[in-house]
Amino acid sequence: MKKITLFAVISLFLSCNGSAQNSKKKEKKEFPITKTDSEWKNQLSDIQYYVLREAGTERPFTSPLNKNYEKGVYHCAACDTPLFKGEHKFDSGTGWPSFDREIKGNVDFSTDYNVGYARTEEHCATCGGHLGHVFNDGPKTTGKRHCINGVALKFIPSEKE
């Protein structure tokens with residue numbers, strides 16, 4: 001009787017495991033700019049490809065953009081879409097460029113479970129490149145901290161007046 005009960009319990013656990021995990025898989029979304037992997041590899045550096053196309057993360061405190069506070073706009077390094085304004089950048093102390101808001105309509109959001117729990121992932125709305133994640137522990141202005149990989153960005157300084 002113990003063997004039958006044990007078998008039933010194990011069967012129950014195995015049958016419940018599969019479908020719940022499948023709901024966490026990302027749906028493939030179409031973006032206005034699409035390229036093949038080889039086209040992206042030819043255009044981007046190795047670290048840019050890893051971050052933008054494979055949802056990787058650069059090491060903290062390695063981006064020169066982390067401490068950049070010049071006036072200007074941060075664009076997608078892959079497709080040149082304007083993503084964040086310099087006036088919304090702040091020092092979060094995390095080691096990655098951080099902003100309290102995005103340029104509306106130019107950043108797309110999804111949910112990832114790569115670290116075992118749900119996080120809001122940010123993508124370029126034009127090419128789908130992975131930028132980083134947004135958290136609810138930002139400054140009082142918006143309460144948001146857009147924690148962005150510096151290699152995913154290209155800074156365009158404002159014209160001097």
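Two strands are said to pair if DSSP finds at least two bridges between them. In this predicted model, strand 7 and strand 8 satisfy that rule, pairing in the antiparallel sense over four bridges.

**Overview. The protein combines three helices with nine strands.** From the N terminus on, the order of the elements is α-α-α-β-β-β-β-β-β-β-β-β. Of the 161 residues, 39% count as buried. The accessible surface comes to about 10300 Å², and carbon and sulfur atoms hold 55% of that area. Among the contacts with a separation of 6 or more, 55% involve residues that are 24 or more positions apart.

**Open sheet. Six strands form an open sheet in the order 3-4-8-7-6-5, with antiparallel pairing.** The edges of the sheet are strand 3 (89-90) and strand 5 (107-112), each of which pairs on one side only. Within the sheet, strand 7 is paired with strand 6 over four bridges and with strand 8 over four bridges. Strand 7 is largely enclosed by the rest of the structure, because five of its six residues are buried.

**Strands 6 and 7. The hairpin of strand 6 and strand 7 has five residues between its strands.** Within this hairpin, Gly128 takes a positive phi near 80°. The two strands run in the antiparallel sense. His123 stands opposite His130 of strand 7, while the bridge partner of Glu121 in strand 7 is His133.

**Glu121. A polar contact joins the side chains of Glu121 and His130.** Glu121 belongs to strand 6, which covers residues 119-124. Is this residue buried or exposed? Its relative accessibility is 1%, so Glu121 counts as buried; the cut-off for that class is under 20%. The polar contact with the side chain of His130 has a length of 2.6 Å. The bridge partner of Glu121 is His133, whereas His130 stands opposite His123.

**Asn136. The loop between strand 7 (130-135) and strand 8 (145-148) contains Asn136.** With a relative accessibility of 64%, Asn136 counts as exposed, since that class begins over 50%. Apart from neighbours within four places in sequence, Asn136 is in contact with Gly143 and Lys144. The side chains of Asn136 and Lys144 are joined by a polar contact of 2.5 Å. Asn136 and His146 are 10 residues apart in sequence, and their C-alpha atoms are 8.9 Å apart in space. Where the strands pair, Phe135 stands opposite Arg145 in strand 8.

**Nonpolar core. The largest nonpolar core of the protein holds 23 residues.** Which residues touch the most other members of this core? They are Leu83, Phe84, Leu131 and Leu153. Two or more residues of the core come from each of helix 3 (46-54), strand 1 (72-76), strand 2 (82-85) and strand 9 (153-157). Helix 3 gives the most, with three residues. In soluble globular proteins, nonpolar side chains tend to be buried together.

**Surroundings of Leu83. Leu83 is in contact with residues from distant positions in the sequence, including Tyr74, Glu102 and Leu153.** Neighbours within four places in sequence are left aside here. The contacts of Leu83 also include His75, Cys76, Ile103, Asn106, Val107, Cys124 and Leu131. Leu131 and Leu153 are, like Leu83, among the core residues that touch the most other members.

**Aromatic cluster. Tyr74, Phe84, Phe99 and Phe155 form one aromatic cluster.** A pair of aromatic rings is described by the distance of the centres and the angle of the planes. The protein has three aromatic pairs. In one of them, the ring centres of Tyr74 and Phe155 are 4.8 Å apart and the planes stand at 50°, so the pair is tilted. Because Tyr74 lies in strand 1 and Phe155 in strand 9, this pair ties together parts that are 81 residues apart in sequence. Tyr74 and Phe155 are both buried. The pair of Phe84 and Phe99 is stacked, with 4.4 Å from centre to centre and 15° between the planes. Phe84 in strand 2 and Phe99 in strand 4 (residues 98-99) are 15 residues apart, and their pair links distant parts of the chain. Phe84 counts as buried, at 0% relative accessibility, and Phe99 is buried with a relative accessible area of 0%.

Conventions
Residues numbered from 1 in each chain as written. Predicted model: local features only at pLDDT ≥ 70, side-chain atom pairs only at ≥ 80, totals over all residues. Heavy atoms only, no water. Buried < 20%, exposed > 50% of the residue type's maximum accessible area, 1.4 Å probe, protein only. Contact = heavy atoms within 4.5 Å. Areas by Shrake-Rupley, 256 points an atom, 1.4 Å probe, with all protein chains shown as cover. Core = buried A, V, L, I, M, F, W, Y, C linked by side-chain atoms within 4.5 Å. Polar contact = N/O pair within 3.5 Å; in protein donor to acceptor, adjacent residues only side chain to side chain. Phe/Tyr/Trp six-rings, centres within 6.5 Å; stacked < 30°, edge-to-face > 60°.
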